[in-house]
Amino acid sequence: MTAGSAHKDVLDWTNARWDRLESAPALRARAAEMAQRLAAEVAAGKLPFLSTPFMPALELELADLESGYLKQFKHMLLLGIGGSALGARALQKAFAPGQDLPGHTGKCLWILDNVDPAGLEAHLCRLRAQDTLVYVVSKSGDTIETIGQYFLVKQWLKKELPQDWKDHLLLNTDEQKGYLRQEATQFGMRTLPVPDNLGGRYSAISAVGLVPAAFLGMDWRALVKGFTSVAAPLADPKLDAAKLAAHPSFEFALWGKALMDAGYSELITFYYIPAWCSFADWFAQLWAESLGKGGQGSQPIPAVGVTDQHSVNQMFLDGPRNKACLFVERAEGPQGLPFPADMPGIFDYLQGKRFGELLPAEALGTRMALCKNEVPLLALRLGADDAFAAGKMMALLGAATLLTGWLMGINPVDQPAVELGKRLAKARLGAAGLAEEKADLLAFTTGNRDERGF
Ligand code: PA5
């Protein structure tokens with residue numbers, strides 16, 4: 001296909017550099033095996049990310065929440081971390097950016113995904129409990145960063161609203177297990193379930209991300225429609241090798257794995273849709289936590305055009321030749337204000353142009369420079385940067401990540417390595433048991449050190 005493709009949303013493989021990716025043909029030959037595995041796992045209920053069996057009930061629930069309960073609140077305080085926060089933030093920045101602009105008077109979403117004492121206190125001092133819904137999101141229901149905040153926020157609510165505090169809490173957690181579920185049962189709080197087998201980073205298009213989306217008045221139905229248009233074919237029982245091979249997520253996965261095989265150990269995600277910059281962080285977590293296993297993987301590097309042209313782009317272009325790039329752009333953006341006529345002569349080339357013409361020109365310049373510097377580049381070009389397109393992109397990138405993991409022979413839905421740091425932190429705080437971790441901590445913190453003032 002030549003420039004000016006007839007398709008609305010396009011994956012442009014022109015500069016993907018398949019010529020350098022020797023393992024690609026052998027990987028492509030695995031389509032039948034992958035299709036069989038998809039069918040088996042979908043049938044066993046292990047891939048709700050793709051089959052979304054929870055969606056009909058959730059859509060009813062969201063419509064109900066949207067028309068009633070959520071309307072009462074001006075602020076939503078979301079307590080969650082990792083996959084329980086990053087999707088909601090990306091959606092907020094893309095589709096409800098008002099809060100970051102001067103003069104905002106509408107609804108606000110505050111996402112607390114850290115254990116920053118000053119940050120938490122600032123929110124509790126400034127928010128009016130009466131106007132605030134606290135949305136606690138934790139699939140496990142036990143994550144210390146989220147639950148630690150929950151204890152303090154619950155105490156704040158109880159103090160501010162002794163009668164009604166429970167009405168200001170909405171919990172999204174596992175249906176059966178975990179501390180949050182116990183809390184909900186004990187106090188009869190309003191809850192939503194995180195479906196079984198739906199891992200945090202694959203859960204943005206579930207209640208995890210869609211409740212904040214509904215709260216902020218986004219077109220969450222279009223997000224769901226876009227998402228399922230890409231995900232559902234992969235969950236179709238009639239999926240076969242040919243259909244999988246024709247699905248863009250499979251081609252992406254081949255590319256992702258073949259790049260790793262060829263020594264490309266870093267994957268830049270360059271977003272040239274400014275409001276979509278937080279999707280780069282969402283994808284970074286998805287790719288890194290899913291694929292960094294057993295010495296394999298490629299490091300995702302989130303970047304935003306044009307801002308990062310003036311920060312990290314020099315390294316992309318002329319640093320180590322170990323980088324590939326996913327370049328996300330839209331076919332056409334807003335034209336913006338016209339430049340004034342009285343500009344100095346050195347800016348003559350801007351005469352008669354509009355501010356919105358800078359972004360695509362710079363995107364093209366950077367994309368071409370990356371290609372000329374031999375960075376394998378896949379361009380994801382969207383016809384429109386709307387909620388439907390975002391849903392499609394999220395399904396595509398999620399499915400591609402999952403399939404890349406399968407091609408690597410690792411489990412893309414767990415994250416075992418991050419457990420060690422969590423256990424050590426708990427040991428440090430004096431949790432019961434953890435004898436080995438406590439002994440290791442002692443050795444690590446009391447051994448000889450090489451510390452020098454600066
Ligand atoms: O993607 C994941 O599974 C993780 O990033 C989790 O979302 C994160 O650790 C938070 O877990 P939980 O939702 O159980 O609190």
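Is C125 buried or exposed? In this predicted model, C125 is exposed, with a relative accessible area of 66%. That makes the cysteines a handy place to start our walk.

A disulfide is a covalent bond between the sulfur atoms of two cysteines. If you look for such bonds here, a search of the whole structure turns up zero disulfides. C125 takes part in none, and the nearest cysteine sulfur to its own belongs to C108, 17 Å away. Looking from the other side, the closest cysteine sulfur to that of C108 is the one in C125, and at 17 Å it is too far for a bond. The cut-off for a disulfide is 2.5 Å between the sulfur atoms. The surroundings of these two residues can be set side by side as well: C108 counts as buried, at 6% relative accessibility, whereas C125 is exposed at 66%.

Let us turn to how the helices pack. Two packed helices are described by the angle between their axes and the distance between the axes. Take helix α13, residues 277-291, and helix α16, residues 387-408. Their axes come within 10 Å and cross at roughly 20 degrees. Because angles under 35 degrees count as roughly parallel, α13 is roughly parallel to α16. The crossing of α13 past α16 is right-handed. On the α13 side, the residues that meet α16 are F279, W282, F283, L286, W287, S290 and L291. Their partners in α16 are A390, M393, M394, L397, G398, T401, T404, G405 and M408. Sorted by class, this contact has 11 nonpolar residues, five polar ones and no charged ones.

Helix α16 has a second partner to look at, helix α2, which spans residues 31-43. Here the axes come within 11 Å and cross at roughly 115 degrees. This crossing, too, is right-handed. From α2, the contact draws on M34, R37, L38 and E41, and from α16 on L403, W406 and L407. By class, the contact of α2 with α16 has five nonpolar residues, no polar ones and two charged ones.

Now for a lysine that may catch your eye. K154 sits in helix α7, residues 144-160. With a relative accessible area of 11%, K154 is buried, because anything under 20% falls in that class. Setting aside its neighbours within four places in sequence, K154 is in contact with W165, E183 and F187.

Two leucines further along the chain are worth a visit. L350 is placed in the loop between β9 (323-330) and α15 (358-372). Although in a loop, L350 counts as buried at 13% relative accessibility. Residues up to four places away in sequence aside, L350 touches F339, M343 and L358. P338 lies 12 residues from L350 in sequence, and their C-alpha atoms are 9.4 Å apart in space.

The second leucine, L359, belongs to helix α15. L359 is buried as well, with 18% relative accessibility. Neighbours within four places in sequence left out, L359 is in contact with Y272, P274, G305, V306 and R330. For a sense of scale, V230 is 129 residues from L359 along the chain, and the two C-alpha atoms are separated by 28 Å.

Two of those contacts of L359, G305 and V306, lead us to the backbone. The peptide bond running from G305 to V306 is cis, with omega near 0 degrees. You will find V306 in the loop between β8 (299-304) and α14 (313-318).

Which other backbone angles deserve a look? R17 has a phi near 60 degrees, a positive value in a residue other than glycine. R17 lies in the loop between β1 (10-12) and α1 (24-28), and at 23% relative accessibility it counts as partly exposed. N197 is not a glycine either, yet has a positive phi of about 65 degrees. The place of N197 is the loop between β6 (190-194) and α9 (207-215), and at 48% relative accessibility N197 counts as partly exposed.

Definitions and conventions
Residues numbered from 1 in each chain as written. Predicted model: local features only at pLDDT ≥ 70, side-chain atom pairs only at ≥ 80, totals over all residues. Heavy atoms only, no water. Axes fitted to C-alpha atoms, helices over the stretch in contact; angles between N-to-C directions. Helix = DSSP H or I, 4+ residues; strand = E, 2+ residues; numbered from the N terminus. Parallel < 35°, antiparallel > 145°, perpendicular 65-115°, else oblique. Left-handed = near helix turned anticlockwise from the far one by under 90°. Contact = heavy atoms within 4.5 Å. Nonpolar A, V, L, I, M, F, W, Y, C, P; charged D, E, K, R; others polar. Buried < 20%, exposed > 50% of the residue type's maximum accessible area, 1.4 Å probe, protein only.
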